[in-house]
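Visitor: Please take a close look at one helix pair and describe how its two members meet. I should then like the account to be carried on to the surrounding parts.

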Amino acid sequence: MNLIEMNSICKSYRNIGFETRVLEDVTLHIEEGDYVGIVGPSGAGKSTLMAIMGCLAQPTSGEYILDGEPIGKLNDRKLSRVRNEKIGFVFQAFHLLPGVTALENVILPLVYARGSQGNVKERARELLAKVGLEHRLHHTPGQLSGGEQQRVTIARSLINNPRIILADEPTGNLDSKNGIETMKTFDNLVKEGKTIVLITHDQEVARHAGRIISILDGQIASDREVSHEEQTRSV
Amino acid sequence: MNFFSSLGIALKALLAHKTRTFLSSLGILIGIASVIIMVAIGKGSQQEVMDVIAGMGENLITVNAGEMKRRGGRLRLTGNVTTLTVRDANRIMDEIGEVENVAPFEEKRMVAKFGNNSAETTIAGSTSDFSVIRGYRLQSGDFFSERDAKTANRVAIIGMTTVKNIFGEEDPMGQVIKVHFMPFKIIGVFEPKGVDTNGLDQDDLLLIPLSTYMRRIVNQKFISRIFVKASSRQNIAKASEKIRELLRENHKLTDDRNDDFTLISQLDMEDLKKETTELFTKLIVGVAGISLLVGGIGILAVMLISVKERTREIGIRRAVGATRRDIVHQFLYESLIIGFIGGGLGIVLGVGLTLGLTHWGDWTLILDPNSIWTASWACAGIGGLFGVFPAIKASKLDPMEALTIE
């Protein structure tokens with residue numbers, strides 16, 4: 001079943017009379033459990049595509065169906081709920097709240113979740129342990145290294161048990177060792193059945209994915225499966 | 001998201017910037033404190049004036065000969081009217097049930113001499129009821145006797161200011177002073193009484209029997225004033241009306257003629273003074289209100305800066321599922337809390353200063369619970385009002401743009 005279904009998505013920005021078309025007629029389908037890499041040079045429209053996929057922005061035209069639900073018609077409240085319940089974000093710049101402990105950063109999505117969440121601290125602790133940060137629970141982002149911050153972000157993206165993880169250049173701000181660690185974490189998540197969409201300009205990183213979609217000038221240039229040999233070569 | 005989570009987030013954000021939070025609430029703090037103190041000063045001065053009026057005589061009605069007109073802020077007698085007499089005073093006393101005491105009165109500024117000392121003072125002629133009505137008490141000596149009044153004896157009771165002016169440190173009791181070349185024996189000394197509502201010194205006085213005054217000093221039949229004490233506060237208006245009717249009848253005034261006298265009761269004086277003090281109160285509350293407005297604008301500025309500074313935080317919160325409404329709440333609660341902090345500290349400061357000034361300073365301040373209540377609402381209102389715009393601005397940020405902002 002298609003978890004993500006994008007049909008003829010267009011996105012343009014209007015700026016004092018000028019219309020900039022960022023995405024043009026993008027159609028793509030992603031199934032549950034897929035590990036998809038989206039590659040392309042900067043300015044190709046990757047981040048805009050992720051923003052629409054992550055319900056952070058609405059397309060100018062076209063149809064986006066996420067988990068069977070058409071997104072275009074949702075109001076802010078419902079859209080926020082979709083982000084909260086179905087999507088976990090991992091950003092290049094980490095985007096953790098400054099001055100707030102790792103534990104509280106991980107809990108943040110639950111603050112906006114519906115209903116009673118049970119023992120949220122325990123769950124956050126487990127997730128931080130899973131990414132190897134059980135000794136860093138009460139550190140603020142400023143006291144953590146880049147790799148550690150990214151792992152906090154990954155823990156945060158998992159706290160609501162989302163269907164999809166959207167990662168935008170997750171290794172962009174990391175050294176190669178931490179980059180490899182992060183990618184291993186994603187590989188493990190795919191094995192657990194998560195759907196991962198990875199945006200990167202780094203072909204090496206993209207090869208972790210089972211499928212690579214290239215974006216060029218706002219359009220899909222290629223969409224191919226990654227052979228097993230390619231994957232093993234990258235590791 | 002529930003109320004307490006929003007409140008918690010707002011509190012945490014404010015605690016992270018304690019100095020800024022305090023500074024932004026400072027405007028409200030000063031505004032609220034000044035409202036409370038100003039109102040207390042206004043109330044205090046009003047009470048002082050009321051005390052002075054009451055001190056001029058309880059349930060007092062003054063009948064003045066001629067028409068009184070306000071000139072230069074004070075009531076002054078116009079013209080020279082000769083129709084008011086002791087007979088009027090006697091009839092008021094005898095015929096009006098609501099009247100307790102009556103004292104016909106006449107006065108003149110004259111020079112009094114003792115030895116080589118001389119000073120101008122108010123020589124007043126009245127009956128011994130004068131002291132009862134006007135609230136004069138004797139510090140030493142006695143009032144005039146019936147016989148003093150009948151025989152127009154040359155005896156006098158002296159006010160404190162006149163004592164100081166003429167006798168200095170010497171004891172005036174039993175001494176003889178000269179007024180209008182006539183010797184008067186001091187038989188009593190009044191307790192000090194202070195100034196009246198017009199700022200006139202009520203202790204600058206030499207009281208002699210009215211009969212003595214009329215026969216020996218001025219040789220006239222008419223008087224300029226009658227002091228009347230109504231039996232109760234409720235009866236002041238009724239007594240005034242009856243006095244008016246009686247005097248019109250006594251003076252044979254036909255319907256087409258104006259009164260040839262003027263009645264001023266304690267209530268009239270209170271109303272008159274209330275007007276001025278209320279105007280004063282409105283004025284200072286207005287000024288304090290402006291400072292509250294300035295405080296509100298302070299909150300507005302700080303909140304706008306805060307939204308700008310935390311654009312990325314807003315983006316993060318939106319990305320993990322915060323709705324626009326959640327963001328509005330978060331920032332609105334922040335400005336409300338700033339308002340409450342400022343208001344709370346302002347009330348503490350205002351009440352503290354008011355009590356302190358009353359306790360240790362020479363101030364009459366009266367704390368008005370209403371002003372505290374109003375101030376509480378005002379700070380909540382200002383916090384809310386000036387927080388709405390920044391909060392809405394924050395919620396309208398595009399999440400994606402907010403995340404990518406540098």
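**The helix pair and its surroundings**

Guide: In chain B, helix α1 (residues 3-16) packs against helix α11 (residues 324-360) at an angle of about 55°, and their axes are 8 Å apart. The relation of α1(B) to α11(B) therefore counts as oblique, the class left over once angles under 35 degrees (roughly parallel), over 145 (roughly antiparallel) and 65 to 115 (roughly perpendicular) are set aside. The axes are lines fitted to C-alpha atoms, for helices over the stretch in contact, with angles from 0 to 180 degrees between N-to-C directions. The crossing of α1(B) and α11(B) is right-handed (the near helix is turned clockwise from the far one by less than a right angle; anticlockwise would be left-handed).

From α1(B), the contact draws on Ser6(B), Leu7(B), Ile9(B), Ala10(B), Leu11(B), Ala13(B) and Leu14(B). From α11(B) come Asp326(B), His329(B), Gln330(B), Tyr333(B), Glu334(B) and Ile337(B). Contact requires C-beta atoms, placed from the backbone, within 7 Å. Sorted by class, the residues where α1(B) meets α11(B) are eight nonpolar, three polar and two charged (Ala, Val, Leu, Ile, Met, Phe, Trp, Tyr, Cys and Pro are nonpolar, Asp, Glu, Lys and Arg charged, and the others, Gly among them, polar).

This is a predicted model, in which local features need pLDDT of at least 70 and side-chain atom pairs count only at pLDDT 80 or more, while totals for chains, interfaces and linings use all residues. Residues are numbered from 1 along each chain as its sequence is written, and chains are lettered from A and ligands numbered from 1 in the order in which they are written. Helices (H or I, at least four residues) and strands (E, at least two) are DSSP runs numbered from the N terminus.

Both helices also take part in the contact between the chains. There, 16 residues of chain B touch 18 residues of chain A. On the chain B side, two or more residues each come from α1, α10 (311-319), α11 and α13 (399-404). The largest share, four residues, belongs to α10(B). By class, this side of chain B has nine nonpolar, three polar and four charged residues.

Chain B as a whole is assigned a domain 1 (3-51 + 272-404) and a domain 2 (82-259), with bounds taken from an automatic or database domain assignment. The C-alpha centres of these two domains of chain B are 57 Å apart. Elsewhere in chain B, strands β4 (residues 99-114) and β5 (residues 117-126) run antiparallel and are joined by ten bridges; at least two DSSP bridges are required for strands to pair. Within that pairing, Val111(B) faces Glu120(B) of β5(B). The hairpin of β4(B) and β5(B) has two residues between its strands, and Gly115(B) there has a positive phi near 60°. β5(B) also runs parallel to strand β10 (residues 205-209) of chain B, with five bridges, and Ile123(B) has Leu206(B) of β10(B) as its bridge partner.

The partner chain contains an open sheet of six strands with mixed pairing, in the order β6-β7-β8-β3-β9-β10 (chain A). Its edges are β6 (87-90) and β10 (219-225) of chain A, each pairing on one side only. On average, neighbouring strands of this sheet are turned by 15° against each other, direction ignored. β6(A) and strand β7 (residues 164-168) of chain A run parallel through four bridges, and Phe89(A) has Leu166(A) of β7(A) as bridge partner. Helix α6 (residues 176-191) of chain A packs on this sheet, where it touches β3 (35-39), β7 and β8 (195-200) of chain A, and its direction makes about 150° with that of β8(A). Towards the other edge, β3(A) and strand β9 (residues 211-216) of chain A run parallel with four bridges, while β9(A) and β10(A) run antiparallel with six bridges. Ile215(A) is opposite Ile220(A) of β10(A). The hairpin of β9(A) and β10(A) has two residues between the strands, and Asp217(A) in the turn has a positive phi of about 50°.

How values were computed: Contact = placed C-beta atoms within 7 Å.
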